Amino acid sequence: MSGRILAVESSCDETAVAVVERGRRIVTGIVASQVALHAETGGIVPEVAARAHLRWMIPVLDEACARADIADWSDLDAIAVTNGPGLAGSLLVGITMASTLAWVHGLPLVPVNHLEGHIYAAWLLDAEEPERPAPEFPVVALVVSGGHTFLVEMRDHLTYRLLGQTVDDAAGEAFDKVGRLLGLPYPGGPSIMRAAAGATRRDRRFPRAWLGDTDDFSFSGLKTAARRAVSAELGGPDGGPIEPDGSLLPEPVVAELAWAFQDSVVDVLATKTLGAAERCDARTIVIGGGVAANTVLRQRIADAAASRGIAVAVPRPGLCTDNAAMIGAAGWHRFNAGERAGRDLDARPSLKLAV
Ligand code: KG4
Ligand code: ZN
């Protein structure tokens with residue numbers, strides 16, 4: 001038993017393979033991003049994503065194996081693969097490769113939930129990174145990605161109690177839609193963060209959806225408010241049926257709107273996460289998913305948690321967005337729990353986190 005797992009991730013628009021030791025130490029992690037490809041269409045076209053996975057999966061695997069120095073497959077304990085949630089065609093590329101490798105080399109195949117991967121990214125250590133303690137339970141985890149936004153409590157490994165979730169758009173989806181509305185390049189998250197950093201006028205002009213005392217989230221009202229604001233800035237009617245074109249706005253106005261939008265999202269995410277952590281007596285707050293790469297959100301949660309004596313575990317930005325190392329981290333715990341998939345492992349586009 002080497003404690004090494006080879007992990008494969010292809011649920012959305014990153015083709016990724018990693019080797020991870022004992023669910024913590026990244027031996028190697030390779031990610032081929034399709035961002036440039038999808039920038040042309042301003043969003044992901046599922047069939048285009050699946051074809052790009054087919055094109056890149058083997059080169060990414062080759063590179064990962066070369067860097068991890070895998071000459072003998074018996075050095076691995078298992079192969080882990082994302083089986084959902086995600087785009088069916090994209091998931092199938094990773095699943096087909098992982099299950100073929102497992103079969104050919106006689107290794108166990110471990111299915112991993114992509115959302116669980118985003119949480120377990122907080123356990124990872126880079127190859128050369130000094131040891132640091134693992135997140136301590138109870139954990140409250142905020143997952144904020146392009147497709148999902150939710151809060152869970154974990155009292156131990158692999159156990160989740162859902163505290164709240166979005167009732168409409170995911171936070172990343174809202175960033176992407178408002179980014180497009182403002183005429184910023186895809187994906188909207190990093191573009192809005194960059195534009196907001198240059199804002200000189202910082203006015204809290206957008207609403208916050210608190211949804212009473214629940215831990216649920218809603219971002220569709222904020223999106224509508226942003227749309228109205230763009231229309232108004234363009235001098236057009238409020239909220240007409242035609243999407244206003246924010247690319248016609250002067251840069252300082254775009255920056256101001258980007259700032260106000262980000263401020264509203266961060267305010268709600270951070271306030272609800274801190275409130276949930278206090279109620280659950282959490283020792284650690286974990287943040288994961290692409291939106292957790294946002295430096296304003298990270299800082300806001302770090303500051304608020306520090307003043308309450310709660311630790312924060314947030315992966316470096318490259319491990320917040322989709323990668324295979326996080327699947328290797330979660331896969332290690334699933335492997336030790338005895339979870340195995342047969343050769344009939346299928347894609348589960350709407351797979352839920354076990355709660
Ligand atoms: O986790 P992820 O890579 O893929 C999914 O599983 O969905 O998340 C992608 C999402 C996109 O919506 C992207 O706009 C957002 O994460 N994102 C960000 C930032 N970087 C990526 N949102 C806000 N600020 C960022 N810096
Ligand atoms: Zn993801």
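**A zinc site and a buried strand**

At 12% relative accessibility, Asp-322 counts as buried, because the cut-off for buried is under 20%. This value, like the others here, comes from a predicted model.

Asp-322 is one of the residues that coordinate the zinc ion (ligand 2); the others are His-114 and His-118, each through NE2, while Asp-322 binds through OD, at 2.0 to 2.1 Å. His-114 is also buried, with a relative accessibility of 6%. Along the chain, the donors of the zinc ion (ligand 2) show the spacing H-x3-H-x203-D. The site thus brings together distant parts of the chain: His-114 belongs to helix 4 (residues 114–120), whereas Asp-322, 208 residues apart from it, lies in the loop between helix 10 (317–320) and helix 11 (325–336).

What is the geometry of this site? The angles among the four donor atoms of the zinc ion (ligand 2) run from 95 to 138 degrees, and the site is irregular. It does not count as tetrahedral because that would need all angles to lie between 85 and 135 degrees. For four tetrahedral donors, the ideal angle is 109.5 degrees.

The next part to look at is strand 1. Strand 1 (residues 4–9) is largely enclosed by the rest of the structure, because five of its six residues are buried. Strand 1 pairs with strand 2 (residues 14–21) in the antiparallel sense, over six bridges, and a hairpin of four residues joins strand 1 to strand 2. Within this pairing, Ile-5 has Val-20 of strand 2 as its bridge partner. Strand 1 also runs parallel to strand 4 (residues 78–84), to which four bridges join it. Here Leu-6 stands opposite Ile-79 of strand 4.

Technical notes. Residues are numbered from 1 along each chain as its sequence is written. Chains are lettered from A and ligands numbered from 1 in the order in which they are written. This is a predicted model: local features need pLDDT of at least 70, side-chain atom pairs count only at pLDDT 80 or more; totals for chains, interfaces and linings use all residues. Side-chain values use heavy atoms; hydrogens and water are left out. Donors are N, O and S atoms within 2.8 Å of the metal (3.2 Å for Na, K and Ca); water is not among the atoms, so sites may look incomplete. Four donors count as tetrahedral if all angles lie between 85 and 135 degrees; four count as square planar and six as octahedral if opposite donors are over 155 degrees apart and all others between 65 and 115; anything else is irregular. Helices (H or I, at least four residues) and strands (E, at least two) are DSSP runs, numbered from the N terminus. Buried means under 20% relative accessible area, exposed over 50%, partly exposed in between (1.4 Å probe, protein chains only). Two strands pair if DSSP finds at least two bridges between them.
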